[in-house]
Amino acid sequence: RRYDMAVCHIAPQYTTANPESEFNIEGELYEEWNSLLSKMGVRVMLTGHMHKAFVLEKNDKRSLRENSFPIIVGSVTDDDYRIGAALSFSGDDLSVKFTDAEHKITEEYAINLPSGSVIKY
């Protein structure tokens, strides 16, 4: 099976946790990106930038803008702590495991790519 995935440094639908923040910019452009990526058949997006690790479901209530596919925000970094996202594809499913520097799984998700449903374990 083939599924298209977008990779972007910043999650355009979640640039900040605060819609009033001075860093929450380019809203119209990001909305256009979502529309174009959806038309291209993108099923999931992998991002970083936020120094956090979580998954936004389709049109997640935390999203500042519409997102028609799940978004993986997978990069925690600070002076003493790092987390990355390990992705494994199997058929229609994507396994997402956030792991620290000692390979300990801190959170785990399953994303069904055709439906976009997200399960957190």
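These questions and answers cover a loop glycine, the nonpolar cores and the charged pairs of a predicted model.

Q: Between which two strands is Gly 91 found?
A: Gly 91 is a loop residue. Strand S5 (82-90) lies on one side of the loop and strand S6 (93-100) on the other. The two strands are therefore S5 and S6.

Q: Is Gly 91 buried, partly exposed or exposed?
A: The relative accessible area of Gly 91 is 48%. Buried would need a value under 20%, and exposed a value over 50%. Gly 91 therefore counts as partly exposed.

Q: Which residues is Gly 91 in contact with, leaving aside neighbours within four places in sequence?
A: Leu 113 is 22 residues from Gly 91 in sequence, and their C-alpha atoms are 9.0 Å apart. Contact takes heavy atoms within 4.5 Å. With neighbours within four places left aside, the contacts of Gly 91 are Arg 1 and Tyr 3.

Q: Which strand supplies the largest share of the largest nonpolar core?
A: This core has 13 residues, and Val 55, Ile 72, Leu 94, Val 96, Phe 98 and Ile 111 have the most contacts inside it. Strands S3 (52-56), S4 (71-77), S6 and S7 (105-112) each supply at least two of its residues. The largest share is three residues, and it comes from S6.

Q: Which residues of strand S6 (93-100) is Ile 111 in contact with?
A: Neighbours within four places in sequence are left aside here. The contacts of Ile 111 include Val 44, Val 55, Pro 70, Ile 72, Ser 117 and Val 118. Asp 92 is also in contact with Ile 111. Those in S6 are Asp 93, Leu 94 and Val 96.

Q: How many residues does the other core have?
A: This core lies apart from the largest one. Ala 11, Leu 56, Ile 71 and Val 73 are among its residues. Its count is 12 residues.

Q: Why does Asp 100 have no salt bridge with Lys 104?
A: Asp 100 is in strand S6 and is buried. Its nearest side chain of opposite charge is Lys 104. A salt bridge needs nitrogen and oxygen within 4 Å. The pair does not qualify because the separation is 5.3 Å.

Q: How far does the backbone nitrogen of Lys 104 lie from a polar atom of the Asp 100 side chain?
A: Asp 100 also touches Tyr 81, Arg 82, Ile 83 and Thr 106, not counting residues up to four places away in sequence. With Lys 104, the backbone nitrogen is the atom to look at. It lies from a polar atom of the Asp 100 side chain at 2.9 Å.

Q: Which residue of the salt bridge between Arg 62 and Asp 60 is buried?
A: The two side chains meet at 3.0 Å, N to O. Arg 62 has 37% relative accessibility, so it counts as partly exposed. The relative accessible area of the other partner is 11%, under the 20% limit. The buried residue is Asp 60.

Q: Which strands hold Glu 108 and Lys 97?
A: These residues form a salt bridge, with their closest N and O atoms 4.0 Å apart. The bridge ties together parts that are 11 residues apart in sequence. Glu 108 is in S7, and Lys 97 is in S6.

Q: Which residue of the salt bridge between Glu 107 and Lys 120 is exposed?
A: Their side chains meet at 3.2 Å, N to O. The pair links S7 to S8 (residues 118-120), 13 residues apart. Glu 107, at 22%, is partly exposed. The other partner has a relative accessible area of 53%, so the exposed residue is Lys 120.

Conventions. Residues numbered from 1 in each chain as written. Predicted model: local features only at pLDDT ≥ 70, side-chain atom pairs only at ≥ 80, totals over all residues. Heavy atoms only, no water. Helix = DSSP H or I, 4+ residues; strand = E, 2+ residues; numbered from the N terminus. Buried < 20%, exposed > 50% of the residue type's maximum accessible area, 1.4 Å probe, protein only. Core = buried A, V, L, I, M, F, W, Y, C linked by side-chain atoms within 4.5 Å. Lys, Arg positive; Asp, Glu negative; His and termini not counted. Polar contact = N/O pair within 3.5 Å; in protein donor to acceptor, adjacent residues only side chain to side chain.
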